[in-house]
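Q: Got a minute to walk me through this one? I'd like to start with the sheet and then poke at a few odd spots.

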Amino acid sequence: SDSDLVSELQKRACSIKRLMSSIDIFIAPTEFIRKKYIEFGIPGEKIKLSYHGFNVNLFNGLQKNQDHKLRFAFIGTILPAKGPHILIKSFNGIKDKNAQLMIYGNLRSFIGFEYYLPYLKKIIKNKNIIFMDGFDNREIASIFQKIDVLVVPSLWPENSPLVIQEAFLAKTPVIASRIGGITELVQDGVNGLLCDPGDVDGLQEKIEKIIDNPALIQKFKENMPHVKSIEDNAKEIEEIYQKIHES
């Protein structure tokens with residue numbers, strides 16, 4: 001019953017809070033998550049903010065493959081919370097024949113969401129929307145060679161989407177939902193564009209803004225933020241551990 005479920009969730013929360021007291025340091029990859037930790041009851045002084053590190057070497061010397069089409073892409077899990085249905089509905093309204101949307105993600109059914117992939121394919125009205133399936137993440141740089149703009153239309157509050165930071169490493173502007181930790185990464189009008197989650201018309205307007213002003217892509221490319229290497233990330237974690245060990 002619902003009351004049993006609520007009771008189990010409350011027990012789980014209490015158990016987690018008991019465990020928290022024995023932990024010296026929590027690491028938060030965004031300010032958004034740091035605040036969530038504090039709301040849950042973790043003392044602020046126990047939390048270190050440390051953004052994710054990446055294998056930046058994968059992106060060395062990356063050059064975009066040229067194409068006459070303006071290539072937008074979704075990269076992620078094909079689930080409702082990630083919002084690909086919002087993006088497809090938005091892109092259905094795009095009239096420019098030279099604008100293409102590629103959807104990268106493992107084309108398999110998830111338990112409880114068996115309906116979703118057939119639903120996505122059914123609602124496509126624009127023949128320039130193409131499903132590309134998934135790929136090994138070691139190939140991420142070659143995927144971004146074929147992408148001009150990444151779109152992250154998430155409906156749930158993302159933590160710190162790795163794909164956005166990979167896009168920055170590949171000098172690829174991002175259109176994304178104004179939600180969760182995304183707003184700490186994508187600066188509206190600086191390195192990409194933000195829109196309200198679930199707003200089909202608003203997202204279409206942002207896509208059209210890029211189509212009508214392709215020079216924005218170059219402008220945004222020049223404002224890509226620094227992305228930390230995985231080596232620097234490891235040093236940070238080692239330093240945090242060392243300080244705890246010495247105290």
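A: Sure. A quick ground rule before the strands: two strands pair if DSSP finds at least two bridges between them. Also keep in mind that this is a predicted model.

Q: Fine. How many bridges join β7 to β8, then?
A: There are 4 bridges between β7, residues 174-177, and β8, and the two strands run parallel. Within that pairing, Ile175 stands opposite Leu193 of β8.

Q: And what's the strand order in the whole sheet?
A: The order is β5-β4-β3-β6-β7-β8, which makes 6 strands in an open sheet with parallel pairing. The edges are β5 (129-133) and β8 (192-195); each has a single partner strand, so one side of each has no neighbour in the sheet. On average, neighbouring strands are turned by 20° against each other, ignoring direction.

Q: Are the faces of β8 covered or open?
A: Covered, on both faces. Gly192 and Leu194 are buried on one side, and Leu193 and Cys195 are buried on the other. That fits the general pattern: in a regular strand, side chains alternate between the two faces of the sheet.

Q: Which helices lie on the sheet?
A: Helix α6, residues 162-169, lies across β3 (70-75), β6 (149-152) and β7, and runs at about 165° to β6. Helix α7, residues 200-212, also packs on the sheet. Helix α7 touches β3, β4 (99-104), β6, β7 and β8, and its direction makes about 160° with that of β8.

Q: Switching to helix pairs: how do α3 and α4 pack?
A: Helix α3 (residues 84-92) and helix α4 (residues 116-123) pack at an angle of about 5°, with axes 10 Å apart. Angles under 35 degrees count as roughly parallel, so α3 is roughly parallel to α4.

Q: Who makes the contact?
A: From α3 you have Pro84, His85, Ile88, Lys89 and Asn92, and from α4 Tyr116, Tyr119, Leu120 and Ile123. Sorted by class, that contact has 6 nonpolar, 2 polar and 1 charged residues.

Q: Is α3 itself enclosed or out in the open?
A: Largely enclosed by the rest of the structure, because 8 of its 9 residues are buried. Those are Pro84, His85, Ile86, Leu87, Ile88, Ser90, Phe91 and Asn92.

Q: What do those buried residues pack against?
A: The buried residues of α3 pack against β3, β4, α4, β5, β6 and α7.

Q: Cysteines next. How many disulfides?
A: The count comes to 0. As for individual cysteines, Cys14 is partly exposed at 44% relative accessibility, whereas Cys195 is buried at 6%.

Q: OK, odd backbone spots. Which residues other than glycine have a positive phi?
A: Two to look at are Asp133, with phi of about 65°, and Lys171, with phi near 50°. For background, most residues other than glycine have a negative phi.

Q: Where do they sit?
A: Asp133 lies in strand β5, while Lys171 is in the loop between α6 and β7.

Q: Buried or exposed?
A: In between. Asp133 is partly exposed, with a relative accessible area of 36%, and Lys171 is partly exposed as well, at 43%.

Conventions
Residues are numbered from 1 along each chain as its sequence is written. This is a predicted model: local features need pLDDT of at least 70, side-chain atom pairs count only at pLDDT 80 or more; totals for chains, interfaces and linings use all residues. Side-chain values use heavy atoms; hydrogens and water are left out. Axes are lines fitted to C-alpha atoms, for helices over the stretch in contact, and angles run from 0 to 180 degrees between N-to-C directions. Contact means heavy atoms within 4.5 Å. Angles under 35 degrees count as roughly parallel, over 145 as roughly antiparallel, 65 to 115 as roughly perpendicular and the rest as oblique. Ala, Val, Leu, Ile, Met, Phe, Trp, Tyr, Cys and Pro count as nonpolar, Asp, Glu, Lys and Arg as charged, and the others, Gly among them, as polar. A disulfide is a pair of cysteine sulfur atoms within 2.5 Å. Buried means under 20% relative accessible area, exposed over 50%, partly exposed in between (1.4 Å probe, protein chains only).
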